[in-house]
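Dear colleague,

Please find below the structure that I am handing over to you. I would be grateful if you would read the notes beneath with the coordinates open.

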Amino acid sequence: MSNKSYKTKSRDEFTKERTIKKSRKIHECCHCHKSIPTKTSYVRTVGVAESNRHYGNDFFSNAWHAECLEDYQGYCRDRLRRQG
């Protein structure tokens with residue numbers, strides 16, 4: 001088991017993805033809102049995002065079906081392409 005540490009300044013945004021081989025409990029996919037059953041694979045994204053509610057940033061941790069994350073990333077790439 002590796003002990004990775006990601007250093008970031010609190011004012012900077014970042015995100016990391018990690019594939020979980022087997023879930024230990026039921027999770028909900030943040031994209032489709034369907035359940036992710038126990039003992040199935042899923043992707044966990046964690047990071048810090050800018051917050052408008054207060055000075056500083058918000059930590060987030062989301063569970064995704066692998067297909068839902070790919071679909072969302074494709075949507076984001078398409079939106080960025082259209083913006084130029």
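The notes below cover the salt bridges, the nonpolar core and the surroundings of two residues. Please bear in mind that this is a predicted model.

Salt bridges

The search of the whole structure returned 2 salt bridges. In one of them, the side chain of Asp78 meets that of Arg81, with an N to O distance of 3.6 Å. In the other, Asp78 pairs with Arg82 at 3.1 Å, again N to O. Asp78, Arg81 and Arg82 are thereby linked in a network of salt bridges.

The positions in sequence fit this arrangement. Helix H1 spans residues 66-83, and within it Asp78 and Arg81 are 3 residues apart, so about one helical turn separates them. Asp78 and Arg82 are 4 residues apart in helix H1, which also places about one helical turn between them. In general, side chains of opposite charge can pair when their charged atoms come close.

As for solvent accessibility, Asp78 has a relative accessible area of 25% and is partly exposed. Arg81 is exposed, at 60% relative accessibility, and Arg82 is likewise exposed, at 65%.

Nonpolar core

The largest nonpolar core comprises 9 residues, namely Ile20, Cys29, Ile36, Tyr42, Val43, Ala63, Trp64, Cys68 and Leu69. Strand S4 (42-50), strand S5 (57-64) and helix H1 each contribute at least two residues to this core. Nonpolar side chains tend to be buried together in soluble globular proteins.

One core member, Cys68, may merit a closer look in your viewer. Beyond its neighbours within four places in sequence, Cys68 is in contact with Cys29, His31 and Cys32. Of these contacts, Cys29 also belongs to the core.

Thr45 and its surroundings

Is Thr45 buried or exposed? Its relative accessibility is 6%, below the 20% limit, and Thr45 therefore counts as buried. Thr45 lies in strand S4, and its side chain is joined to that of Trp64 by a polar contact of 2.9 Å. Trp64 is itself a member of the largest nonpolar core.

Residues up to four places away in sequence aside, Thr45 touches Lys16, Glu17, Phe60, Ser61, Asn62, Trp64 and Leu69. Leu69, like Trp64, is listed among the core residues.

With kind regards

Notes:
Residues numbered from 1 in each chain as written. Predicted model: local features only at pLDDT ≥ 70, side-chain atom pairs only at ≥ 80, totals over all residues. Heavy atoms only, no water. Salt bridge = Lys/Arg side-chain N within 4 Å of Asp/Glu carboxyl O. Buried < 20%, exposed > 50% of the residue type's maximum accessible area, 1.4 Å probe, protein only. Core = buried A, V, L, I, M, F, W, Y, C linked by side-chain atoms within 4.5 Å. Contact = heavy atoms within 4.5 Å. Polar contact = N/O pair within 3.5 Å; in protein donor to acceptor, adjacent residues only side chain to side chain.
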